[in-house]
Amino acid sequence: MISNTIQFVHNNKIFKIKNPDPNKTILDFIRNDLKKTGTKEGCAEGGCGACTVVLGELKEKKIIYKSINSCISFLPIIDQKQLILIENLSVQKNKLHPIQNAMVKFHGSQCGFCTPGFVMSMFAMYKNFSNFNDETINETLSGNLCRCTGYRPIIDAAKSLNSKNHDDHFKKNEKKIVNLLKQIKERDIEISYKDRKYFAPKSLSNLKKIIKENHNTKFLNGGTDLSLEVTKERGDIKKIISLNSVKELKFVKITKNFIEVGSGVSLYEFQNLIKSYYSDFYNILKRYGSVQIRNVGTLGGNIVTASPIGDSLPLLLSLDSKIKIQTLKKIITIPLNEFFLSYRKTKLKKREFLYSIKIPINKQNHFKAYKISRRFDDDISSVCASFNFLIKKNVIVKANIAYGGMSEIPKRAYTIEKALINSTFSEETFFKAKNLIDKDFSPIDDMRASKNYRVDVAKNLIMKFFYEVSNKKNLRVNS
Ligand SMILES: Cc1cc2nc3c(=O)[nH]c(=O)nc-3n(C[C@H](O)[C@H](O)[C@H](O)COP(=O)(O)OP(=O)(O)OC[C@H]3O[C@@H](n4cnc5c(N)ncnc54)[C@H](O)[C@@H]3O)c2cc1C
Ligand code: FES
Ligand code: FES
């Protein structure tokens with residue numbers, strides 16, 4: 001079944017919009033069409049959290065609450081979801097939600113511009129977790145900026161919610177919302193708005209059909225990169241094919257030797273999955289954008305974006321990951337290493353898409369990763385490095401090293417690797433090897449870091465890896 005009408009639950013009702021503008025953001029819809037102005041626009045690029053709203057999604061008869069940046073999310077993605085705005089939190093005038101009460105009690109707001117965003121991020125946390133420690137609170141709030149209150153009172157407000165009974169009007173209404181969400185039938189979406197088209201197929205076979213029949217299309221996954229073509233560059237995307245509703249691209253397969261994730265799996269889901277295999281992968285992902293970004297952004301999108309500073313890329317490269325590419329006829333598997341050609345150029349041809357990512361599991365290896373950025377949270381890397389080593393009887397048997405931010409593509413450090421393999425695992429070996437960095441990379445100066453800084457950091461991270469493995473101890477600011 002195909003429909004040109006998106007449907008979502010809001011204010012305990014099903015809303016229907018026929019052929020909405022696929023380039024319109026949820027934020028514009030909320031402020032201009034719904035006339036709800038509690039949700040603010042700060043940066044319009046996903047960086048400040050002022051526009052945070054929460055989407056309720058049905059998962060096994062339960063609602064999962066996801067905070068998102070409405071400024072960089074296209075309206076059609078709310079199909080089959082519940083849209084929760086700051087205005088929905090208090091049921092009646094002068095009766096605030098427990099989160100709003102906590103913000104008042106702990107003086108968590110001054111000018112108030114950032115406040116709705118903070119409250120909505122906390123709301124998603126309050127609904128999804130029965131208890132939250134400092135780590136969860138810091139992670140939850142990492143995508144929200146406040147320029148006048150300072151974070152301490154806001155964090156105190158969040159902490160105080162632990163002692164609260166989590167019953168609220170959303171809990172009381174949950175059954176009703178679940179029933180409303182169930183009433184919205186699963187169907188493919190095809191929207192025509194002026195000269196713009198939007199397709200959201202539910203199955204791989206329908207996706208392939210749409211790709212065959214339509215030219216000059218752009219794939220949309222989480223949209224945390226693509227949407228900026230509209231919100232920042234003031235561009236116009238004529239034909240969008242959303243991969244995000246295709247169930248077959250959201251799978252996770254775990255065997256003894258590898259983890260395979262569909263290209264539509266969100267970074268937030270992936271971070272929790274990879275944690276028990278490669279804890280440093282998890283640590284890096286926790287500093288990737290914000291919860292709002294990772295709730296929608298995908299591992300597949302990060303790979304295809306092919307940014308030299310894409311955070312997952314050096315990690316996946318050092319782990320010898322492979323990717324599966326779906327062509328119109330078949331699936332081909334290639335090492336990720338062969339995928340990046342030049343600055344943001346990949347091997348992907350027109351009408352092909354990334355199907356999945358396969359990551360080997362090597363429990364006996366030493367895997368470590370480091371992200372160096374100007375700000376700890378919600379910042380882009382200046383340099384990101386990843387190390388995957390097999391050491392036997394103090395001899396380096398395998399040495400995989402990959403860097404982001406050091407060249408026009410994320411890349412392995414082959415010269416250094418060659419110098420390390422079959423050498424003794426010693427300070428002297430690493431000291432000599434690090435000086436070969438110029439043979440592998442010639443980074444550029446840019447606003448994030450100078451060339452010299454990048455080279456020095458890259459060398460120091462080699463030594464840091466050595467000291468951490470030899471001392472069996474992490475040398476981190478946050479360890
Ligand atoms: C505020 C903010 C903070 C960020 N922080 C970080 C960060 O810390 N680290 C970092 O690495 N990145 C960061 N990013 C960049 C961004 O999150 C990533 O590039 C993201 O992973 C893209 O994934 P997506 O699913 O949102 O992709 P989309 O935006 O949907 O797509 C990106 C591109 O890939 C294509 N594409 C997506 N999936 C497929 C597929 N399966 N097959 C073929 N083509 C596909 C799209 O057509 C598009 O060209 C940040 C972005 C923002 C806005
Ligand atoms: S307005 Fe800043 S994140 Fe959306
Ligand atoms: S209260 Fe003013 S920006 Fe946060």
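Which domains does the shell around ligand 1 draw at least three residues from? I took this as the opening entry, working on a predicted model.

**Entry: domains at the ligand.** I found that domain 1 (2–87 + 174–242) and domain 3 (247–360) each give at least three residues to the shell around ligand 1.

**Entry: the shell itself.** I looked up the surroundings of ligand 1 and noted 30 residues there. Gly46, Gly222, Gly289, Gly301 and Asn302 are the closest of them. I then listed the elements that contribute two or more residues to this shell: strand S9 (218–220), helix H12 (299–305) and strand S17 (353–360). Which element gives the most? I recorded H12, with 5 residues.

**Entry: character of the shell.** I sorted the shell residues around ligand 1 by class and obtained 15 polar, 11 nonpolar and 4 charged.

**Entry: overall fold.** I turned next to the whole protein, for which I noted 21 strands and 17 helices. The radius of gyration is 23 Å, close to the 23 Å that the globule rule gives for 479 residues, so I entered the protein as being as compact as a globular protein of that length. For the extent of the C-alpha trace along its principal axes, I wrote down about 70 × 55 × 40 Å.

**Entry: burial and contacts.** I looked up what share of the 479 residues is buried, and the figure is 46%. Among contacts in the protein with a separation of 6 or more, I noted that 65% join residues 24 or more positions apart.

Definitions and conventions:
Residues are numbered from 1 along each chain as its sequence is written. Chains are lettered from A and ligands numbered from 1 in the order in which they are written. This is a predicted model: local features need pLDDT of at least 70, side-chain atom pairs count only at pLDDT 80 or more; totals for chains, interfaces and linings use all residues. A residue is near a molecule or strand if its C-beta atom, placed from the backbone, lies within 6 Å of it. Helices (H or I, at least four residues) and strands (E, at least two) are DSSP runs, numbered from the N terminus. Ala, Val, Leu, Ile, Met, Phe, Trp, Tyr, Cys and Pro count as nonpolar, Asp, Glu, Lys and Arg as charged, and the others, Gly among them, as polar. Domain bounds come from an automatic or database domain assignment. The radius of gyration is taken over C-alpha atoms; the globule rule is 2.2 Å times the number of residues to the power 0.38. A residue is buried if 20 or more other C-beta atoms lie within 10 Å of its own, exposed if 12 or fewer, and partly exposed in between; C-beta atoms are placed from the backbone. Two residues are in contact if their C-beta atoms, placed from the backbone, lie within 7 Å.
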